[in-house]
Amino acid sequence: MHEEPCMRCQGKGSLVCEECQGKRKIRKEMVTEKCKACNGTGRVKCPSCRGGVAWVKD
Ligand SMILES: [Zn+2]
Ligand SMILES: [Zn+2]
């Protein structure tokens, strides 16, 4: 069975965090805190392929 790379993340397995827009931090009023959605990484696992690391080879 041939699987196509995920269309949503182009096979990267991760997406730019929507909460912080990849900035890793969220500014709330007077304070800036680490984004909880991505745990400060700026990226989140792709929900479509759940971080399909099968496509990523470093
Ligand atoms: Zn984030
Ligand atoms: Zn994906």
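This report describes the fold, the hairpin and the buried residues of a predicted model.

## Overall fold

The protein has 0 helices and 4 strands. Along the sequence the order is β-β-β-β. The chain holds 58 residues, and 17% of them count as buried.

Contacts across the sequence can be sorted by separation. Take the contacts with a separation of 6 or more: 49% of them link residues 24 or more positions apart.

## The β2–β3 hairpin

Strand β2 covers residues 25–28, and strand β3 covers residues 31–34. The two run antiparallel and are joined by 4 bridges. One pairing puts Ile 26 opposite Glu 33, its bridge partner in β3.

The two strands form a hairpin, with 2 residues between them. Glu 29 sits in the turn. Its phi is positive, at about 50 degrees.

## Cys 35, after the hairpin

Cys 35 lies in the loop between β3 and β4, the latter spanning residues 43–45. Is Cys 35 buried or exposed? Cys 35 is buried, because 21 other C-beta atoms lie within 10 Å and the cut-off for burial is 20 or more.

Its contacts beyond four places in sequence are Cys 17, Glu 19, Cys 20, Arg 24, Lys 25, Ile 26 and Gly 40. Ile 26 thus appears twice in this account: as a contact of Cys 35 and as the bridge partner of Glu 33. For Glu 19, the C-alpha distance to Cys 35 is 7.3 Å, across 16 residues of sequence.

## The nonpolar core

Which residues make up the largest nonpolar core? There are 5 in all: Cys 17, Cys 20, Cys 35, Cys 38 and Val 44. In soluble globular proteins, nonpolar side chains tend to be buried together.

Two of the core members, Cys 17 and Cys 20, are among the contacts of Cys 35. Val 44 touches Cys 17 and Cys 38, again setting aside residues up to four places away. Val 44 also touches Ser 14, Leu 15 and Ala 37.

## Gly 13, before β1

Gly 13 is placed in the segment before β1, a strand of residues 14–16. Why does Gly 13 count as buried? It has 20 other C-beta atoms within 10 Å, and 20 or more is the cut-off.

Gly 13 also shows how distant parts of the sequence meet. Lys 45 is 32 residues away along the chain, yet the two C-alpha atoms are separated by 6.0 Å.

How values were computed: Residues numbered from 1 in each chain as written. Chains lettered and ligands numbered in written order. Predicted model: local features only at pLDDT ≥ 70, side-chain atom pairs only at ≥ 80, totals over all residues. Buried ≥ 20, exposed ≤ 12 C-beta atoms within 10 Å, placed from the backbone. Contact = placed C-beta atoms within 7 Å. Pairing = 2+ DSSP bridges. Core = buried A, V, L, I, M, F, W, Y, C linked by C-beta atoms within 7 Å.
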